[in-house]
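Here's a quick briefing to read with the model open beside you. Take it topic by topic and click along as you go.

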2 protein chains.
Amino acid sequence: MDDPLYSKDLDEETLFVVTQTFKALSDPTRVRILNLLFEKEYSVNDIAENLKMRQSTVSHQLRFLKNLRLVKYRREGTTMYYSHDDEHVINVLQQMIQHALHH
Amino acid sequence: MDDPLYSKDLDEETLFVVTQTFKALSDPTRVRILNLLFEKEYSVNDIAENLKMRQSTVSHQLRFLKNLRLVKYRREGTTMYYSHDDEHVINVLQQMIQHALHH
DNA sequence: TCAATATATGCGTATATGTACATATATAAT
DNA sequence: ATTATATATGTACATATACGCATATATTGA
């Protein structure tokens with residue numbers, strides 16, 4: 001019964017990881033932030049200005065992305081610079097954006 | 001300003017398509033259904049039995065997936081057989097599952 | 001220590017979402 | 001036509017989620 005041809009149901013943990021990751025990519029605010037970070041690292045305020053969002057909105061969503069380790073940050077004084085931190089997921093996002101753009 | 005090095009914000013339609021697609025993959029019920037369909041086509045009731053879900057739950061989620069053209073169906077009498085209908089998205093899902101499994 | 005600046009976060013709220021129940025619809029067989 | 005079976009769907013409800021406001025925290029410089 002461990003023949004890979006038998007489609008077993010996914011175990012709970014795998015299901016959780018997969019759906020959580022996709023959930024991160026299912027919100028316009030988060031996708032716009034991740035898309036901005038393709039270029040380079042940005043501070044929280046710079047993200048907010050660029051995307052015309054409130055600072056708290058950006059910070060909330062960055063926390064979400066940080067918890068899933070999709071972004072990382074470095075401190076410089078009081079400024080936090082955020083950047084991507086998961087090559088695989090970033091790749092998946094880029095693929096999907098290209099797919100959507102080319103149609 | 002159309003230098004691709006300048007990270008422009010995503011246009012509204014692209015953003016919608018991308019986030020909607022990922023939203024489809026962000027729910028455990030839908031992912032379990034799509035995962036089951038990797039093997040072969042299934043009827044609504046067979047999906048419900050296999051995954052121990054209510055018929056209405058399965059039908060609702062199939063409608064969601066059908067609207068996004070992630071699944072298609074064929075009729076045989078009163079039975080509807082559902083199967084995958086978007087190679088790219090299915091590929092992305094499989095990638096993510098493998099990524100999650102191998103850690 | 002105090003003020004200024006950048007970021008994080010608790011809380012309230014409006015909205016979105018997933019599910020179940022009940023029922024409608026559709027097809028087939030008798 | 002009637003009955004049985006498979007699927008779809010309207011509605012209600014509980015829960016999840018995103019956002020904004022206000023405020024807390026942290027770092028720097030005077």
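In this predicted model, 24 residues surround DNA strand C, where "near" means that a heavy atom of the residue lies within 4 Å of the strand. The closest are A:Tyr82, B:Lys23, B:Thr29, B:Arg30 and B:Thr57. DNA strand D is also surrounded by 24 residues, and its closest are A:Lys23, A:Thr29, A:Arg30, A:Thr57 and B:Tyr82.

Some housekeeping: residues count from 1 along each chain as its sequence is written, while chains are lettered from A and ligands numbered from 1 in the order in which they are written. Because the model is predicted, local features need pLDDT of at least 70 and side-chain atom pairs count only at pLDDT 80 or more, whereas totals for chains, interfaces and linings use all residues; side-chain values use heavy atoms, with hydrogens and water left out.

**DNA strand C**

- Of the strand C atoms within 4 Å of the protein, 71% belong to sugar or phosphate, and the rest to bases.
- Phosphate oxygens of strand C take part in several polar contacts (pairs of N or O atoms within 3.5 Å; inside protein, one atom must be able to donate a hydrogen and the other to accept it, and sequence neighbours count only if both atoms are side-chain atoms).
- One of them involves a backbone N or O atom of A:Met80, 3.2 Å from a phosphate oxygen.
- From chain B, a side-chain N or O atom of B:Arg54 sits 3.2 Å from a phosphate oxygen, and a polar side-chain atom of B:Gln61 is 3.0 Å from one.
- Both chains chip in: helix H3 (44-51), helix H4 (55-67) and S3 of chain A, plus helix H2 (28-36) and helix H4 (55-67) of chain B, each supply at least two residues of this surface. Helices (H or I, at least four residues) and strands (E, at least two) are DSSP runs, numbered from the N terminus.
- H4(A) gives the most, with five residues.
- By class, this surface has three nonpolar, 15 polar and six charged residues. Here Ala, Val, Leu, Ile, Met, Phe, Trp, Tyr, Cys and Pro count as nonpolar, Asp, Glu, Lys and Arg as charged, and the others, Gly among them, as polar.

**DNA strand D**

- B:Asn45 uses a polar backbone atom, 3.0 Å from a phosphate oxygen of strand D.
- B:Tyr82 brings a polar side-chain atom to 2.6 Å from a phosphate oxygen.
- For a base contact, look at B:Gln55: an N or O atom in its side chain is 2.8 Å from a base nitrogen of strand D.
- H4(B) gives the most to the surface near strand D, with five residues.
- That surface divides into three nonpolar, 15 polar and six charged residues.

**How the two copies relate**

- Chain A can be laid on chain B with an RMSD of 0.0 Å, by a turn of 180 degrees and a shift of 0.0 Å along the axis. The two copies are thus related as by a two-fold rotation axis.
- That superposition is by least squares on the C-alpha atoms of residues with pLDDT of at least 70 in both copies.
- Within chain A, A:Phe22 comes closest to the rotation axis, at 2.7 Å (C-alpha).
- The copies meet through the same surface, because 97% of the interface residues of chain A are also interface residues in chain B. Contact means heavy atoms within 4.5 Å.

**The sheet in chain A**

- Three strands form an open antiparallel sheet in the order S1-S3-S2. S1 and S2 stand at the edges with a single partner strand each, so one side of each is left without a neighbour in the sheet.
- Two strands pair if DSSP finds at least two bridges between them. S1 (residues 42-43) has two bridges to S3 (residues 79-84), and S2 (residues 71-76) has six to S3.
- A:Tyr42 has A:Tyr82 as its bridge partner, while A:Arg74 stands opposite A:Tyr81.
- The S2(A)-S3(A) hairpin has two residues between the strands, and A:Gly77 takes a positive phi near 70 degrees there.

**Helices in chain A**

- Seven of the nine residues of H2(A) are buried, meaning under 20% relative accessible area (exposed is over 50%, partly exposed in between; 1.4 Å probe, protein chains only). Among them are A:Arg30, A:Val31 and A:Ile33.
- At the start of H2(A), a side-chain oxygen of A:Asp27 comes within 3.1 Å of the backbone nitrogen of A:Thr29.
- A:Phe16 lies in helix H1 (residues 12-24) and counts as exposed, at 53% relative accessibility.
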